[in-house]
Amino acid sequence: MSEADNAPGSAPAFTPRVFSGIQPSGGLTLGNYLGALKRFVEKQEEGIESIYCIVDLHAITVWQEPDKLRRATREMAAGFIAAGIDPERSILFNQSQVSAHAELAWLFNCVVRMGWLSRMTQFKDKAGKNRENASAGLFVYPSLMAADILAYHATHVPVGEDQKQHLELTREIAGKFNHDFGVDFFPLTEPLIEGTATRVMSLRDGTKKMSKSDASDMSRINLTDDADTIAQKFRKARTDPEPLPEAVEGLAERPEARNLVNIYAALADCSTADVLAQFGGQGFGVFKPALADLAVEKLSPINAEMQRLMRDPDEIDRILGRGAERADAIARPILERCYEIMGMVRSRPPR
Ligand code: AMP
Ligand code: TRP
């Protein structure tokens, strides 16, 4: 065992490193932006080494039309860059270009227990009633997610609320691996679930998450929506007839109102109390247009920049390719150590 494995007893020293991923299974929504992308940019600005991945291998756990997948991957890369991810300072790439993810996922499939995977609510939600017909990939999805994170020894993962359970499983996998092989090789990664918009809800139903896969386009704001569409979607968003309360407690039983106030706060970078100080006592006739204006002000520059970038898909591919090379340089040695720790003979001459 080498010192690098942080033998138990020695103080494990993991350099802070951020990793996160988004599936290219459709376009980016306001939920992705506020719950994930905006946080990614903050981490980059804090100067922490940050690795962001468009997880195409995760997307194919449910059926994807190949041409649409290619387009969604490039569009998502454009969205990341337009939102403020600098592909020089951060590492931006698509998952399938770095084979360490798939390889480490296999190793983790042999660490994770069936019982742990059976508890995952995302699998239950996505597989629905017809479990027998779900892909095996959908079931082992969390092994791949743990591999994404642990292939970089990432210490912090910014995500929305819905990913909490997967991150707990990632810690369990890291813990079991370390225990079984008597090493402190993998860090116990911390989730970063921060801000007022960790769970942006559907505009049609305040009890359901805003999702790129919802059948109704009116339920979500897409980063590609134009100003008129954004205004119309907020105007038609479901609400109750009461005016906004003066205090945050007044939102407790009002999921739709709470959601719109949270969205406003996240877009304006202020607290929900600040929003209510300004709009408390006013009706939605006043609040919704103000929210639409704010959303258009924040999202239209991103939208415009995405469209500009999408005109040059070759440049996007070059950025993803370069990002993949940099990612591979970090992940490959960690994967190699992992093979050695597990007892695989590694004797191929270096290329
Ligand atoms: P996904 O679109 O499922 O690949 O999610 C990508 C990232 O966006 C993850 O960090 C999610 O937690 C986050 N996210 C997705 N939908 C929402 C939402 N409605 N509210 C907040 N965060 C979200
Ligand atoms: N499972 C995440 C989602 O559906 C996407 C994801 C895959 C991810 N690998 C990751 C998020 C690693 C954070 C870190 O949103």
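**Close-up views of the cores and of ligand 2**

**View 1. The largest nonpolar core of this predicted model has 58 residues**. Within this core, the residues with the most contacts are L30, Y33, F80, F234, I263 and F287. Helix α12, which spans residues 284-310, supplies the largest share of the core, namely twelve residues. Because residues of the core are given both by domain 1 (17-198 + 312-341) and by domain 2 (217-308), the core lies between these two domains. In soluble globular proteins, nonpolar side chains tend to be buried together.

**View 2. The surroundings of F234, one of the core residues with the most contacts**. When its neighbours within four places in sequence are left aside, F234 is in contact with L30, L203, I221, L260 and I263, and also with K288, L291, A292 and A295.

**View 3. Another core, of 50 residues, lies apart from the largest one**. The residues of this other core include V55, V98, L107 and L117.

**View 4. Ligand 2 and the residues around it**. There are 14 residues around ligand 2, and of these Q23, Y141, M145, D148 and Q163 come nearest. An oxygen atom of ligand 2 lies 3.1 Å from a polar side-chain atom of Q23, while a nitrogen atom of ligand 2 lies 2.6 Å from a polar side-chain atom of D148. For Q163, an N or O atom in the side chain is 3.0 Å from a nitrogen atom of ligand 2. Taken alone, ligand 2 exposes 370 Å², and 91% of that area is buried by the protein.

Technical notes. Residues are numbered from 1 along each chain as its sequence is written. Chains are lettered from A and ligands numbered from 1 in the order in which they are written. This is a predicted model: local features need pLDDT of at least 70, side-chain atom pairs count only at pLDDT 80 or more; totals for chains, interfaces and linings use all residues. Side-chain values use heavy atoms; hydrogens and water are left out. A nonpolar core is a set of buried Ala, Val, Leu, Ile, Met, Phe, Trp, Tyr and Cys residues joined through side-chain atoms within 4.5 Å. Buried means under 20% relative accessible area, exposed over 50%, partly exposed in between (1.4 Å probe, protein chains only). Helices (H or I, at least four residues) and strands (E, at least two) are DSSP runs, numbered from the N terminus. Domain bounds come from an automatic or database domain assignment. Contact means heavy atoms within 4.5 Å. A residue is near a molecule or strand if one of its heavy atoms lies within 4 Å of it. A polar contact is a pair of N or O atoms within 3.5 Å; within protein, one must be able to donate a hydrogen and the other to accept it, and residues adjacent in sequence count only if both atoms are side-chain atoms. Accessible areas come from the Shrake-Rupley method with a 1.4 Å probe; for residues, only the protein chains shown count as cover.
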